[in-house]
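Please look over the structure below. This report walks through its sheets, its helix packing and the surroundings of its ligand.

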Amino acid sequence: MGFCETDAQPDEGLASPGAMPFQRNIVRLPIGIGMSHIAEPSHGGGIISGMATVSVTSSNDSPTFDVAVLGAGPGGYVAAIRAAQIGLKVALIERDQLGGICLNWGCIPTKVLLRNAEIVELIKDGEAYGISYDNLRVDYARAYKRSREVSNRLVKGVEFLMKKNDVKVFIGEGTITGPHSILVEHRSEERTITANNLVVATGARPLVLPFLKPDGVRVFTYRQLLEVQHAPRSMVVIGSGAIGMEFAYVFHAYGTEVTVLEALPRIMPLEDEEISAEITRSFNRRGIKTVAGAKVTDAKIGPDGVEVFFESDKGKQSIKAEWVLVAVSVTPNTAGIGLDKVGVKVNSAGYVEVDDHMATNVPSIYAIGDVTGKLRLAHVAQAQGVVAAESIAASMGKYHGHIPQLDYDAMPRCTYTVPQVASMGLSESQAKERGYEVKVGKFPLRANGKSLALNNTEGFIKVVADAKYGEILGVHCIGPDVTELLPEFVLAKNAELTPEEIARAVHAHPTLSESLMEAAESVEGLAIHI
Ligand SMILES: Cc1cc2nc3c(=O)[nH]c(=O)nc-3n(C[C@H](O)[C@H](O)[C@H](O)COP(=O)(O)OP(=O)(O)OC[C@H]3O[C@@H](n4cnc5c(N)ncnc54)[C@H](O)[C@@H]3O)c2cc1C
């Protein structure tokens with residue numbers, strides 16, 4: 001299967017005009033005219049809204065800023081805030097909306113849609129709770145609207161934070177022109193921002209298949225799918241990573257007949273084998289079809305839908321659907337931003353090479369988030385942003401605190417379907433491949449009182465530990481709210497606790513968290529309730 005980069009422009013959405021009701025809140029001011037807007041604190045939820053400051057104070061002769069951050073996603077805006085907290089003078093350059101993919105077209109809107117879908121499913125299953133109805137009507141447009149409302153609210157919160165921290169925001173397309181300079185273009189205006197250090201935080205965009213060019217009508221990227229206002233009759237999802245699985249769950253809940261095609265031999269191939277088997281069973285039980293080992297080879301787009309051709313161990317097959325979501329992977333936004341001109345090294349896939357301080361090979365240039373390709377998740381980008389900001393400040397003699405080395409094996413990875421999937425570190429087979437002698441503890445949620453009370457007993461907690469020293473090597477959870485449970489193990493791993501120490505901590509009854517304790521006990525064969 002060949003990949004090509006999408007030629008989608010940052011503002012690209014649905015093909016049809018007028019299908020983009022989402023209006024931007026930030027006012028695009030011509031660069032070169034210094035202006036500011038007063039933040040208006042909103043009330044409730046701790047989120048405060050306000051207009052971002054767009055001002056220009058730089059001279060082209062000497063670096064005006066200590067740091068200029070290119071890209072205002074979760075990596076970039078967090079790096080900007082941390083640097084400003086330390087006392088550095090910070091510029092943040094963004095061509096689109098503050099908050100990046102995460103707040104606008106990723107983590108946040110999908111979680112809103114998932115919540116709506118979960119409620120729809122609960123109501124459909126109302127009989128179990130004594131709820132009946134004659135004619136259930138669900139409105140996907142309302143889910144869409146709520147997703148935009150929540151995204152907008154958070155974007156405004158980031159705009160306010162920039163103002164609060166005195167980060168100067170420049171709206172426009174940024175290109176690195178030297179080790180200390182970024183050219184910002186907005187409409188016909190140009191401005192060079194100069195800084196002692198640059199942070200590249202330009203994120204990533206969807207990979208597309210050469211024979212399935214996204215048109216926002218039949219073939220969709222995640223970005224385009226987040227702008228639709230109704231559910232199709234049928235949909236093929238290509239790729240069973242978190243993004244593909246989350247959309248599959250959402251649209252199935254709204255009545256779409258969904259088939260997930262995965263090229264690798266199992267669904268959610270990056271998860272532990274037992275998680276793959278459980279989520280496959282769960283999706284199939286719900287009526288979501290999954291085909292693993294299905295290599296998509298071609299597609300035919302017609303007036304009524306798309307025929308997707310694939311090869312599996314059953315030979316050549318095809319499936320027709322009204323819509324197709326291509327969720328195969330992403331590609332970094334590193335081409336055309338001037339990295340080559342200043343000699344920043346990127347690997348063969350285009351990701352920027354960085355050291356533990358997020359420094360590139362060019363001394364004044366750092367990179368964080370999806371462009372580094374380490375673990376393409378928002379909280380990873382944020383953690384890297386903090387490290388980059390502190391490392392820059394330390395290099396300028398302005399920060400003397402401890403800068404931790406990031407441990408990617410201790411970072412949570414979550415998928416917010418029902419059941420949820422949450423994992424950290426090595427799968428059982430990866431741990432064995434790395435030469436560990438492992439002990440595995442497992443606790444099924446059907447033996448947990450709170451799961452039964454919730455009427456949601458799918459799943460389990462699995463702990464992979466080093467048999468010799470008890471080090472936690474990996475944790476793999478599937479079930480209700482496990483994304484909220486996993487952080488206990490993240491903290492435990494960071495604090496170098498053993499399963500026995502987790503098991504000795506008393507957990508409240510009845511809670512889902514008891515299943516963590518029991519899984520930890522089960523590493524030594526001492527779980528009480530199984
Ligand atoms: C559908 C979906 C769901 C997701 N769900 C989750 C989730 O639940 N949890 C999770 O942890 N992660 C999730 N992710 C991944 C997460 O969104 C990314 O890992 C995260 O946004 C990366 O942050 P970043 O700061 O590196 O880049 P981005 O968020 O991509 O931000 C980069 C910013 O740089 C700007 N930019 C790029 N080039 C330029 C330029 N030349 N000039 C000016 N600005 C530029 C872009 O406009 C963008 O705003 C999801 C992703 C998708 C697509």
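## A five-stranded sheet

Strand 19 and strand 20 (residues 420-425) pair in the antiparallel sense, with three bridges between them. Within this pair, Arg413 stands opposite Ser423 in strand 20. Note that this is a predicted model.

The two strands belong to an open sheet of five strands. The order is 19-20-23-22-21, and the pairing is antiparallel. Strand 19 (413-415) and strand 21 (438-444) stand at the edges. Each has a single partner strand, so one side of each is left without a neighbour in the sheet. From one strand to the next, the twist averages 10°. Helix 7 (residues 273-286) packs on this sheet. Helix 7 touches strand 20, strand 22 (460-466) and strand 23 (472-479). The direction of helix 7 makes about 5° with that of strand 23.

## Strand 22 and its partners

Is strand 22 enclosed by the rest of the structure or left open? Six of its seven residues are buried, so strand 22 is largely enclosed by the rest of the structure.

Strand 22 pairs on both sides. Strand 21 joins strand 22 through seven bridges, and the two run antiparallel. One bridge pairs Lys439 with Ala465 in strand 22. Strand 22 and strand 23 also run antiparallel, joined by six bridges. Here Phe460 has Ile478 in strand 23 as its bridge partner. Strands 22 and 23 form a hairpin with five residues between them. In the turn, Gly470 has a positive phi of about 80°.

## A three-stranded sheet

A second open sheet has three strands, in the order 13-14-15. Its pairing is antiparallel. Strand 13 (295-301) and strand 15 (315-321) stand at the edges. Each has a single partner strand, so one side of each is left without a neighbour in the sheet. Neighbouring strands of this sheet are turned by 20° against each other on average, direction ignored.

Two hairpins connect the strands. The hairpin from strand 13 to strand 14 runs through four residues, and the one from strand 14 to strand 15 runs through two residues. Strands 13 and 14 pair over six bridges in the antiparallel sense. Val296 has Phe310 in strand 14 as its bridge partner. Strand 14 (residues 306-312) pairs with strand 15 over seven bridges, again antiparallel. In this pair, Val308 stands opposite Ile319 in strand 15, and Phe309 has Ser318 in strand 15 as its bridge partner. In a regular strand the side chains alternate between the two faces of the sheet.

## Two helix pairs

Helix 1 and helix 9 have axes that come within 7 Å and cross at roughly 35°. Their crossing is right-handed. Residues of helix 1 in this contact include Pro74, Val78, Ala79 and Ile86. Among their counterparts in helix 9 are Ala381, Gly385, Ala388 and Ile392. By class, the contact of helix 1 with helix 9 has 12 nonpolar, five polar and two charged residues.

Helix 3 (residues 107-124) and helix 4 (residues 140-164) pack at an angle of about 140°, with axes 8 Å apart. The crossing of helix 3 and helix 4 is right-handed. Helix 3 brings Ile108, Pro109, Val112, Leu113 and Asn116. These meet Ala143, Arg146, Ser147, Val150, Ser151 and Leu154 in helix 4. The contact of helix 3 with helix 4 has seven nonpolar, three polar and one charged residues.

## Around the ligand

Which residues are closest to the ligand? They are Gly71, Gly73, Gly100, Gly203 and Gly369, out of 35 residues that surround it. The shell divides into 16 nonpolar, 13 polar and six charged residues.

Several elements each supply at least two residues of the shell. They are helix 1 (74-86), strand 3 (90-94), helix 2 (100-105), helix 3, strand 5 (173-178) and helix 9 (378-395). Helices 1 and 9, which cross at roughly 35°, thus meet again here as suppliers of shell residues.

## The chain as a whole

The secondary structure of the chain comes to 14 helices and 23 strands. Of the 530 residues in the chain, 48% are buried. Among contacts between residues at least 6 apart in sequence, 66% join residues at least 24 apart.

Definitions and conventions
Residues numbered from 1 in each chain as written. Predicted model: local features only at pLDDT ≥ 70, side-chain atom pairs only at ≥ 80, totals over all residues. Pairing = 2+ DSSP bridges. Axes fitted to C-alpha atoms, helices over the stretch in contact; angles between N-to-C directions. Left-handed = near helix turned anticlockwise from the far one by under 90°. Contact = placed C-beta atoms within 7 Å. Nonpolar A, V, L, I, M, F, W, Y, C, P; charged D, E, K, R; others polar. Near = placed C-beta within 6 Å. Buried ≥ 20, exposed ≤ 12 C-beta atoms within 10 Å, placed from the backbone.
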